Number of protein chains: 4
Amino acid sequence: MIRVAILGQGMVASHLAIGIERIKQGEIEPYGVPLARYKLPYRIEDIEIVVAYDVDSSKVDRSLYEVARKLVGETLPIPKTLKDVYVREGIHLGSLKGLPFKATGLEEKMSVREAISRLVDEWKELDIDVVVNVITTEYGRPFNTVEALEKAINEDNREVLTASHAYAYALAMYSKEHRSAGFVNAIPTPLANDEGVVELYRKTGSIVLGDDGATGATPLTADLLEHMAERNRYVKFIVQFNIGGNTDFLALAQPERNLMKEHTKSRIVEDILGYEAPHYIKPTGYLEPLGDKKFVAMHLEYITFNGLQDEVYVLARINDSPALAGKLVDLIRLAKIAVDRGLKGTVYEINAFYMKKPGPSNSKAISKIQAYNLLIKWLGQ
Amino acid sequence: MIRVAILGQGMVASHLAIGIERIKQGEIEPYGVPLARYKLPYRIEDIEIVVAYDVDSSKVDRSLYEVARKLVGETLPIPKTLKDVYVREGIHLGSLKGLPFKATGLEEKMSVREAISRLVDEWKELDIDVVVNVITTEYGRPFNTVEALEKAINEDNREVLTASHAYAYALAMYSKEHRSAGFVNAIPTPLANDEGVVELYRKTGSIVLGDDGATGATPLTADLLEHMAERNRYVKFIVQFNIGGNTDFLALAQPERNLMKEHTKSRIVEDILGYEAPHYIKPTGYLEPLGDKKFVAMHLEYITFNGLQDEVYVLARINDSPALAGKLVDLIRLAKIAVDRGLKGTVYEINAFYMKKPGPSNSKAISKIQAYNLLIKWLGQ
Amino acid sequence: MIRVAILGQGMVASHLAIGIERIKQGEIEPYGVPLARYKLPYRIEDIEIVVAYDVDSSKVDRSLYEVARKLVGETLPIPKTLKDVYVREGIHLGSLKGLPFKATGLEEKMSVREAISRLVDEWKELDIDVVVNVITTEYGRPFNTVEALEKAINEDNREVLTASHAYAYALAMYSKEHRSAGFVNAIPTPLANDEGVVELYRKTGSIVLGDDGATGATPLTADLLEHMAERNRYVKFIVQFNIGGNTDFLALAQPERNLMKEHTKSRIVEDILGYEAPHYIKPTGYLEPLGDKKFVAMHLEYITFNGLQDEVYVLARINDSPALAGKLVDLIRLAKIAVDRGLKGTVYEINAFYMKKPGPSNSKAISKIQAYNLLIKWLGQ
Amino acid sequence: MIRVAILGQGMVASHLAIGIERIKQGEIEPYGVPLARYKLPYRIEDIEIVVAYDVDSSKVDRSLYEVARKLVGETLPIPKTLKDVYVREGIHLGSLKGLPFKATGLEEKMSVREAISRLVDEWKELDIDVVVNVITTEYGRPFNTVEALEKAINEDNREVLTASHAYAYALAMYSKEHRSAGFVNAIPTPLANDEGVVELYRKTGSIVLGDDGATGATPLTADLLEHMAERNRYVKFIVQFNIGGNTDFLALAQPERNLMKEHTKSRIVEDILGYEAPHYIKPTGYLEPLGDKKFVAMHLEYITFNGLQDEVYVLARINDSPALAGKLVDLIRLAKIAVDRGLKGTVYEINAFYMKKPGPSNSKAISKIQAYNLLIKWLGQ
């Protein structure tokens, strides 16, 4: 069994919880779980979500069932088993600032250090294996050293601390004091790309996977660019629009948060092609009725043999949250496998396939298909 | 130097001849040549087209310059050096039947066996290294044994013999009598997939690469399906339309010829996904003003995590002939390298990346990105 | 009240029956009914389907509820009121030939003349106002004169008679013997474009509307071409693909039936643009999992100011049957209004907007937006 | 003859000048000129561009030939006749502020009132008929009264005055002092929508047409929405992205200027549909290699009959400047015709078809096809 704590009980976490239960009950096939067809040391059915944290006060103290019913509506059956797991109050640190939610955070009643200690205690009691971070995209920068991160916590510096960093620090403390565990960072805040965080995880014998779960159009763009690179076609430009109606797109309408996404998305172009093809790749809008099924439009032009020009267009309507939830089903199991193998710090072979900006910092973004080969080899399959 | 004979001086062969000369003269970059960035034993500049064969009587005895001017028009500069290479009369065997061209063939004045001997003599005189088959798509089936193929030639059985088989037989005789050489089959007629032909090449110390050069939408479809398979998404269906205005699309408007393409295109679905997803993948029309720049429309639906459904659409305008010409620049060099290495028969590691239906027969169609890894490894790069 | 008989109880007729009942019960808004926002002499709620005819033996003697449940599945609620209306055996005359259905027809037990008389008797008893023809696309040509049509019936010439002509003749006899009524022909068989049929309707005081209900991509193409024409852009070519998974697409996979559609679709190009722009417009394929929601891909290139070239692409996923059903809701009411006004023969002002090939024969296909203005004026709105 | 002064010698003005000369010389057909096929009192050949104004110091005192060569490059032949027309220094008033151009303006050396007088004098000397405003999109609001506008000029209030208002005022003075003339406003600054400007034109016997020339995706969106409205389909949402690489897209990357476009584009949705369908319609990006050929992606979903949902996608690559230039060829002639007819103020029947935000203010945006009918009727054709 893998005992999991969720950070951010939104659409992704709800789809994750619903999907795992439906698979356990034999209701659906494990489509969208990349490694479902491989025999791993842990089955999907071994995953047990035991607690969730959130700072939206309409979710705190509610069951996952109640939260899922509200977010997902009547379109999917919500398993009754989710009535037994509850959302607890987490760390806010401004991660919902400016968004239309009433937010509450542990750090309102105590210091950040105390809030972290409280989480560590709760996780010890629950005997957690893996923590999954799927809070709303926040603005944040790396600390680069363990010292800088600890200084910010010791000084209770709420200006520079992000919720993700506080959570990640808590998991490191848990690993040090209790037993080795894993942290999956599915949002853009640099953790697996923060040398300070990775060093801390190395020292405490824990694993951080990240950053920014690779879903939506970015992996498709990566593979399309690889397709061009392998044929030595010269990409003149690439345009990629995204628009959606879920909370994440609403959050990305704030320029600072949008910047976080633009960073993780743009790097792939030069990394894969070997040159900086002009590109416009960013989340471009929020439109409520699109809901969780975003619209992606892509266009690229390239030079083919004999100096002639070709054009390609890609359009897609993609369920945003389930795409990430399916990958989390693997990441939870891979984090546990990495811990079991005694690894420490981060694991590029996992990050390269599952993340938009695979850590450690300065590692190259490779095409997802190349990364898949790397992953399968790492697994020994 | 690699001395090349072309079979079928159409759009593809014209782009090949023009492109190689322009690269030699430093006019253009070698975009669209997959291995241009790798250091191979032969450079692009080492390729020398020394002769071409055709059965369209308006081309026979004309220079490649004249033919290219007529086909490509004023849109590209035609290198003057192409004035020195001439088109000779080739073997027809009905390969232009039903199309609006006045056709002529050596076999009208002699037996097929005699026509083959004549070609062998010409190739000896020219000291050919590689023969490239880019005649119009014809209807043809495999002979399966060397005996069946030789019987058809000995009995002058023009009903079952295709022009491609006759040409391929000539190259085998040339290899046996003169020196080892390579045959690149860029059209659907099964040669590398014909056990009889491959056996003949093994015996005569020659190399056949084929079948059906992988250009246009098929490699993109293959990579898109691989993208889905690696995420364990369940493809509900896939639709792919193609329409163009060149001779090949005109030829494919004839049902028998169309069938040849449909075969080579459809197999990828089951091979890559592991199940037979419903699909409609075939050349669907001819419309003259599209010219050589075909229009491709693709649509697929798949099941993602939690049983939800996503949709993807791909559109493209692609220069049909240059795409294949760019790959021939590699295939000519790879055929020569294979011959130099003393290999005999066919080479799956080359075919898998460059061909729609990679020989030998019953070998699996893998995604082009997986095939690319295989190719690079084979090259020792 | 308008009492309606349906010919061909397939997907379109099922959506028509379900939709009207759901509108009556206030369950849904009348979206997709063009004139729903106008005040006509008849409301949607005035329509009463009293009988249906089919030749698929699995439908005959079943209720509309049973047929709808089987065709539409669980995706829509089927109103219980449809349990009271039954499918009777109709006239076959080969209209399902070659399709995977067990067919049965009145004319197997009697002459066509007798079958027609029987229908007339049934309609008299039911006091029908409007008959709607939505049988599967069949191959058929115009008779051009009343005499030719009557000769075929008198001689029981089953080679040349179509089911649609037999049904249309029956309605004319009904009008003559009982009272004026209307016939809505939503399929390509030429009726409103058959001078013989129109003459017969003029004589018998009845109304025929047709031919081939304008749904799917054709009206959109018409309006797009009008958009180009009004800006004096020169259309270089237009491509339009269609693929679907319902019975009509299966039927159109037969070349003769396909030809019927191609005719009605292609004429719009020259009629609207004023010149014959090269085009490829036809139903291109059948793929079962697409079901009733067809996929349309369109591409056109045009010359804009200063001789430059622009490109447009349109993609759509469209529910095929509901689109036609929504228009039938208007056509039934318009046929009755035309009869009430004492009109005889056919009505171009109605046909022009609702039909792909608006009768009478040799009338021009105009853009649907121009036709809409004409219609509104005719209505006196 | 119609003697024309151009304001803003950018891409649009260059295409206008080149295109008219090429039509005069019989080199090209007048495609993209909506009324080219109609017989108007003035032919295209009657248009004579006699002067242009700009504030980009690299253009001032250059010939239209030199400017066109630099902007359009080698892709089009530039008529030699353009060597005889020169660019003069115009009014800046911040219209290039923040853009990467060295700007210069008459008002740097004198008051705005004096600059206006100088223009009036020049136009008298040149005996101008029509002035065309195609300067870069600027931020500006209506003055609403003649008094407010005149007050700003008298007080030399450069904060509130736009270049467009100053130019428009000059034309009014010219009409009053010399003879009636027309002003075509092809950019978003409200002139035909400014009650003050229209009142001034009424008093001075001049004509202002505007605002914001309807090119690109907006007219297509309008016609697509009309298509939906006429079928009573319920539009759930509409998304429209635009990206280009010309100066106008660069300017629109500035939020204030972008806002001007968003206003003129969004109003069509409610005006045509009759309800405010959720929409995201705005210029979304600048990417240099796209140049003048912008990329448009559109997506909409609607409810069809029986409550089912359909989806439509539109993609286009459109030459931005020639599209507007072709319409200016009509607008110049229509402005002159309106003046000849003795009209004063603005003309809705012209604006409705040619403008994104047709004046006078508070007039409805109707679909372009409806507007076309209105125009043809106004012309008496």
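Q: What does it take for two residues to be in contact?

A: Two residues are in contact if their C-beta atoms, placed from the backbone, lie within 7 Å. Keep in mind that this is a predicted model. Here, 45 residues of chain C are in contact with 46 residues of chain D.

Q: Which element of chain C gives the most to the side that touches chain D?

A: That is strand 10 of chain C, with 10 residues. Several elements supply at least two residues each to this side of chain C, among them helix 1 (11-24), helix 7 (217-230) and helix 12 (368-379).

Q: How many residues of each class are on that side of chain C?

A: Sorted by class, the side of chain C that touches chain D has 24 nonpolar residues, 11 polar ones and 10 charged ones.

Q: Strand 10 again, then: how many bridges join strand 10 of chain C to strand 10 of chain D, and do they run parallel or antiparallel?

A: The two strands are joined by 7 bridges and run antiparallel. For a spot to look at in the 3D view, find Arg317(C), which stands opposite Glu311(D) in strand 10 of chain D.

Q: Now chains A and B: what turn lays chain B on chain A?

A: Start with the general idea: two copies of a chain are related by a rotation about an axis and a shift along it. In this case, a turn of 180° with a shift of 0.0 Å along the axis lays chain B on chain A, with an RMSD of 0.0 Å. That is the relation of a two-fold axis. In chain B, Val314(B) has the C-alpha nearest the axis, 2.2 Å from it.

Q: Why do we say that the copies meet through the same surface?

A: Because 100% of the interface residues of chain B are also interface residues in chain A.

Terms used:
Residues are numbered from 1 along each chain as its sequence is written. Chains are lettered from A and ligands numbered from 1 in the order in which they are written. This is a predicted model: local features need pLDDT of at least 70, side-chain atom pairs count only at pLDDT 80 or more; totals for chains, interfaces and linings use all residues. Copies are superposed by least squares on the C-alpha atoms of residues with pLDDT of at least 70 in both. Helices (H or I, at least four residues) and strands (E, at least two) are DSSP runs, numbered from the N terminus. Ala, Val, Leu, Ile, Met, Phe, Trp, Tyr, Cys and Pro count as nonpolar, Asp, Glu, Lys and Arg as charged, and the others, Gly among them, as polar. Two strands pair if DSSP finds at least two bridges between them.
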